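Trainee: I would like a close look at one part of this model, followed by a connected account of what surrounds it. Please take your time over the helix packing before moving on to the sheets.

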Amino acid sequence: MAHFEEVSKQSDLHPKPAGLVLQYGTAGFRTSANKLDHIMFRMGLLATLRSKKTKATIGVMVTASHNPEEDNGVKLIDPMGEMLTSSWEDYATQLANTEQDELLTTLKDIIKKEAIDMSREANVFVGKDTRSSSASLSQAVLDGVKALGGHSNDYGLVTTPQLHYMVCCQNTQGKYGEATVEGYYRKLSQAFSQLAKNASNRTDDQKHLSVDGANGIGAIKVREMESHLKKHMQLSVFNDGSRGKLNHQCGADFVKVQQELPTGIKINPGDRCCSFDGDADRIVYYYTDSQGDFHLLDGDKIATLISTFLKELLNEAGLDLKIAVVQTAYANGSSTHYLEKTMKVIVKCTKTGVKHLHHAAQEFDIGVYFEANGHGTVLFSDGAEEKIQQLANDANINDERKKVAFLLQNTINIINQTVGDAISDMLLIEAILAIKGMTVQQWDAIYSDLPNRQLKVKVSDRRVIDTTDAERRAVTPAGLQEAIDDLVKKYQKARSFVRPSGTEDVVRVYAEADTQESADTLAHEVSLAVYGLAGGVGDEPKPLH
């Protein structure tokens with residue numbers, strides 16, 4: 001076949017370094033940019049096969065998200081804008097690690113296993129972030145698509161969620177929206193304007209938000225969108241890429257982990273601020289108080305705000321829809337307690353990793369999911385959207401219920417249901433705060449986080465740790481869970497769990513308790529138990545104080 005000759009020829013221009021082995025994980029491939037050229041070419045090939053198999057457009061995003069600037073990465077996007085299905089993750093790993101002279105054999109194996117009709121058309125959307133390496137790496141993806149005779153649409157610089165959105169728009173024949181960046185801005189900003197009309201007499205101060213763009217693509221895109229939001233929002237964009245380095249001492253990951261303001265942002269006490277990560281699929285909020293103390297509102301606080309708002313709207317609309325919040329073991333115990341006991345919302349705990357949360361959220365009429373790091377969104381089932389639509393069109397309901405139905409419709413339109421999206425989440429949060437007339441301090445006061453601590457312990461083999469109950473309990477090694485249980489009993493409002501890292505030989509330890517000192521001590525004692533029972537290497541963990 002002519003295509004295979006072309007693949008062979010092109011592959012020589014994107015050679016694989018002998019012996020290099022990489023794994024396709026939740027975030028796709030991610031490593032130093034200089035090791036990725038062959039991977040990108042091969043992911044172009046794989047996306048073309050996936051497109052032929054699904055008879056749909058597939059997306060390929062070149063980004064390393066919150067990683068340092070010298071790294072890069074790639075992830076594939078399935079037809080409805082969701083992450084690549086896990087059986088094809090295995091093909092991605094296989095294809096990436098095949099030595100140069102075996103590439104065609106591996107390719108033909110995948111075609112045979114999946115019974116792919118190679119005469120079918122293939123369509124691939126490609127996007128990239130602002131890293132200096134992204135231009136040549138996205139070109140390698142395009143080369144791969146072309147080598148197998150696929151058609152490509154190069155969107156150039158886009159946020160990761162924007163590319164997920166375009167793929168979904170394309171494959172729903174425009175039902176989800178228009179597959180252009182401008183179409184994305186229009187859909188979200190129109191929904192935001194409609195929601196903002198329900199906020200009474202907002203002052204310019206209340207409309208103001210400081211945004212830390214992590215010196216990445218999010219800063220560029222939020223600036224492009226600003227003109228659409230003029231009347232209802234006033235943005236000050238910091239770390240916009242004009243000076244600083246991508247993700248360096250700024251961005252959502254830095255703010256969440258360090259619990260401090262990003263560099264390059266100038267704010268007054270009480271000012272509302274948010275940070276995106278490098279590819280704008282995560283967001284966290286924060287402010288400083290009059291004493292200069294820093295207050296973080298992470299994914300847990302965001303999920304609580306959104307689910308509370310939606311629950312209230314459903315009650316006012318008289319709609320009987322099942323709403324749930326999906327969390328991981330890392331969610332703060334106070335948020336879980338508040339949601340279950342005060343809001344009477346279903347809370348489901350799942351394994352760490354966005355894919356698991358997304359999947360669990362699909363089980364409900366409305367599923368709100370956020371990881372504590374600020375990656376998350378809201379999913380509405382087809383049935384839920386239909387019921388809301390019917391209510392909005394019902395001529396026999398009173399004005400109050402009709403108004404609520406329109407609020408729900410615009411809430412659906414402002415949300416990017418394909419994946420966590422910092423810009424979409426920001427607009428939703430801003431709309432909710434405006435409608436409820438809430439300050440960032442009042443939002444923060446909904447509940448108080450329990451003090452917590454995360455540590456990691458180096459071990460010789462992370463696979464000795466096996467977990468159950470959504471990673472909240474350790475099954476192996478023998479005696480570890482019993483040791484953790486005994487330690488937890490010593491403290492008030494305490495819990496702790498351990499889980500193996502997905503990428504390195506370390507065990508992650510999480511502990512929370514009624515005081516920071518107790519949380520720190522518990523985390524240290526559990527670290528010692530892991531070190532002793534799970535094959536710790538290097539020096540024994542030292543106390544934090």
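Which hand does the crossing of α7 and α9 have, right-handed or left-handed?

Mentor: This is a predicted model, and everything that follows should be read with that in mind. The crossing of α7 and α9 is right-handed. By class, the residues in the contact of α7 with α9 are six nonpolar, two polar and four charged. As for the geometry, helix α7 spans residues 181–196 and helix α9 spans residues 217–229, and the two pack at an angle of about 50° with their axes 10 Å apart. Angles under 35 degrees count as roughly parallel and 65 to 115 as roughly perpendicular, and α7 and α9 are therefore oblique to each other. On the α7 side, the residues that take part are V181, E182, Y185, R186, L188, S189 and F192, and in α9 they meet K221, E224, M225, H228 and L229.

Helix α9 also packs with a further helix, α16 (residues 422–436), at an angle of about 35° and with the axes 11 Å apart. The crossing of α9 and α16 is right-handed as well. Here K221, V222, M225 and L229 of α9 meet I423, M426 and L427 of α16. The class count for the contact of α9 with α16 is six nonpolar, no polar and one charged. Reading the two contacts together, K221, M225 and L229 of α9 appear among the residues that meet α7 and also among those that meet α16.

The UniProt record gives a context for these helices, since an unreviewed entry places the feature "domain: Phosphoacetylglucosamine mutase AMG1" at residues 179–284 and 298–437. In the model, residues 179–284 are 38% helix and 15% strand, with the end C-alpha atoms 27 Å apart. For residues 298–437 the corresponding values are 57% helix and 15% strand, with the end C-alpha atoms 20 Å apart.

Turning to the sheets, one of them is an open sheet of five strands in the order β1-β3-β2-β4-β5, with mixed pairing. Its edge strands, each pairing on one side only, are β1 (29–32) and β5 (151–157). Neighbouring strands in this sheet are turned against each other by 15° on average, direction ignored. At the β5 edge, strand β4 (residues 123–128) and β5 pair in the parallel sense over six bridges, and N123 stands opposite H151 in β5. Helix α6 (residues 160–171) lies across β2 (58–62), β3 (71–77), β4 and β5, and runs at about 160° to β4.

Another open sheet has three strands in the order β15-β19-β18, and its pairing is antiparallel. The edge strands of this sheet are β15 (452–458) and β18 (495–500), each of which pairs on one side only. From one strand to the next, the twist averages 15°. Between β18 and strand β19 (residues 506–512) the antiparallel pairing runs over six bridges, and the bridge partner of P500 in β19 is V507. Helix α19 (residues 516–533) lies across β15, β18 and β19, and runs at about 20° to β15. For this region, UniProt lists residues 475–527 in an unreviewed entry as "domain: Alpha-D-phosphohexomutase C-terminal". That span is 40% helix and 28% strand in the model, and its end C-alpha atoms lie 16 Å apart.

Key: Residues are numbered from 1 along each chain as its sequence is written. This is a predicted model: local features need pLDDT of at least 70, side-chain atom pairs count only at pLDDT 80 or more; totals for chains, interfaces and linings use all residues. Side-chain values use heavy atoms; hydrogens and water are left out. Axes are lines fitted to C-alpha atoms, for helices over the stretch in contact, and angles run from 0 to 180 degrees between N-to-C directions. Helices (H or I, at least four residues) and strands (E, at least two) are DSSP runs, numbered from the N terminus. Angles under 35 degrees count as roughly parallel, over 145 as roughly antiparallel, 65 to 115 as roughly perpendicular and the rest as oblique. A crossing is left-handed if the near helix is turned anticlockwise from the far one by less than a right angle, and right-handed if clockwise. Contact means heavy atoms within 4.5 Å. Ala, Val, Leu, Ile, Met, Phe, Trp, Tyr, Cys and Pro count as nonpolar, Asp, Glu, Lys and Arg as charged, and the others, Gly among them, as polar. Two strands pair if DSSP finds at least two bridges between them. UniProt positions are given in the numbering used here, feature names are shortened, and annotations may be inferred rather than shown by experiment.
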